[in-house]
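Thanks for coming. I have one chain to go through today, and I will take it from the overall layout down to individual residues.

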Amino acid sequence: MHMHKFEKIWLIFGIGTLLVFLTVLGVSAFYLGNQPPSCLATINPEKVDTNAPFNEPGLKKVEGKDWDYELVYVAQAFAYTPGEIEVPLGAKVKVIATTKDVIHGFQVAGTNINMMLEPGYISEYVTTFDKAGEYLILCNEYCGSGHHMMTSKIKVVE
Ligand code: CUA
């Protein structure tokens with residue numbers, strides 16, 4: 001009789017643990033989804049060239065936003081557009097990027113910018129360029145034979 005009671009307790013404990021486990025798993029799967037957290041907006045990867053802002057890649061001054069400039073990039077195997085850009089020192093910039101074909105990386109060496117560009121998604125990062133110099137943009141996701149040549153450059157100038 002005593003054993004029976006204990007078995008019951010263990011059974012309840014077991015089911016309880018399982019429920020907690022499944023809840024945690026379900027909730028985290030729901031929140032993480034299947035896309036990186038930096039990707040909130042979507043885009044048709046086949047119409048990147050005709051959709052704003054990607055129809056005009058490059059640096060643009062903006063008004064009435066929390067940032068001063070928007071820096072728009074289009075990535076495709078094996079290059080970024082624009083290939084080189086000048087940014088004024090101290091500018092608060094929202095980097096907006098997407099890819100036209102496969103997954104590419106977007107890492108700006110020497111900064112905190114490190115995004116993954118996925119076809120169909122728009123990746124964004126707001127940062128302030130407060131140190132003059134040249135910054136290399138690197139692709140850190142293997143994307144094919146030209147992967148290692150895929151770079152761009154940001155020049156922060158006074
Ligand atoms: Cu693009 Cu590696």
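**Layout, sheet and core**

Reading from the N terminus, the order of elements in the protein chain is α-β-β-β-β-β-β-β-β-β-β-β. That comes to 1 helix and 11 strands. Please keep in mind that this is a predicted model.

The domain assignment splits the chain into domain 1, residues 1-34, and domain 2, residues 39-157. The C-alpha centres of domain 1 and domain 2 are 45 Å apart.

Two figures for the chain as a whole. Of its 158 residues, 22% are buried. Among contacts with a separation of 6 or more, 63% are between residues 24 or more positions apart.

Now the sheet. In what order do the 5 strands of the open sheet sit? The order is 5-11-10-7-8, and the pairing is mixed. Strand 5, residues 84-88, and strand 8, residues 114-117, are the edge strands, each pairing on one side only. Ignoring direction, neighbouring strands of this sheet are turned by 20° against each other on average.

I will walk across part of that order. Strand 5 and strand 11 run parallel and are joined by 5 bridges. One residue pair there is P88 in strand 5, whose bridge partner in strand 11 is V157. Strand 11 then pairs with strand 10 in the antiparallel sense, over 6 bridges. Here S152 in strand 11 stands opposite I137. Strand 10, residues 133-138, is joined to strand 7, residues 104-108, by 2 bridges, and these two strands also run antiparallel. Across that pairing, L138 in strand 10 stands opposite Q107.

Strand 11 deserves a second look. Which of its side chains are buried? The side chains alternate along the strand: S152, I154 and V156 point to one face and are buried. T151, K153, K155 and V157 point to the other face and are not buried. So V157, the bridge partner of P88, belongs to the face that is not buried, while S152, opposite I137, belongs to the buried one.

Next, strand 3 and its partners. On one pairing, strand 3 and strand 2, residues 58-61, run antiparallel with 4 bridges, and K61 stands opposite Y69 in strand 3. With strand 6, strand 3 runs parallel, over 7 bridges. The bridge partner of L71 in strand 6 is V95. Strand 3 also pairs antiparallel with strand 4, residues 79-81, through 3 bridges. A hairpin of 2 residues joins strand 3 to strand 4, and the bridge partner of Q76 in strand 4 is A79.

That brings us to the core. Nonpolar side chains in soluble globular proteins tend to be buried together. In this model, the largest nonpolar core has 24 residues, and L71, Y73, A75, V95, A97 and F106 touch the most other members. Strands 3, 6, 7, 8, 9 and 11 each supply at least two residues of this core. Which strand gives the most? Strand 3 does, with 5 residues. L71 and V95, the bridge partners from before, are both among the residues that touch the most other members.

Finally, A75. Leaving out residues up to four places away in sequence, A75 touches Y80, A97, T99, H104, F106 and L117. Two of these, A97 and F106, are listed with A75 among the residues touching the most other core members.

Terms used
Residues are numbered from 1 along each chain as its sequence is written. This is a predicted model: local features need pLDDT of at least 70, side-chain atom pairs count only at pLDDT 80 or more; totals for chains, interfaces and linings use all residues. Two strands pair if DSSP finds at least two bridges between them. Axes are lines fitted to C-alpha atoms, for helices over the stretch in contact, and angles run from 0 to 180 degrees between N-to-C directions. A nonpolar core is a set of buried Ala, Val, Leu, Ile, Met, Phe, Trp, Tyr and Cys residues joined through C-beta atoms within 7 Å. A residue is buried if 20 or more other C-beta atoms lie within 10 Å of its own, exposed if 12 or fewer, and partly exposed in between; C-beta atoms are placed from the backbone. Two residues are in contact if their C-beta atoms, placed from the backbone, lie within 7 Å. Domain bounds come from an automatic or database domain assignment.
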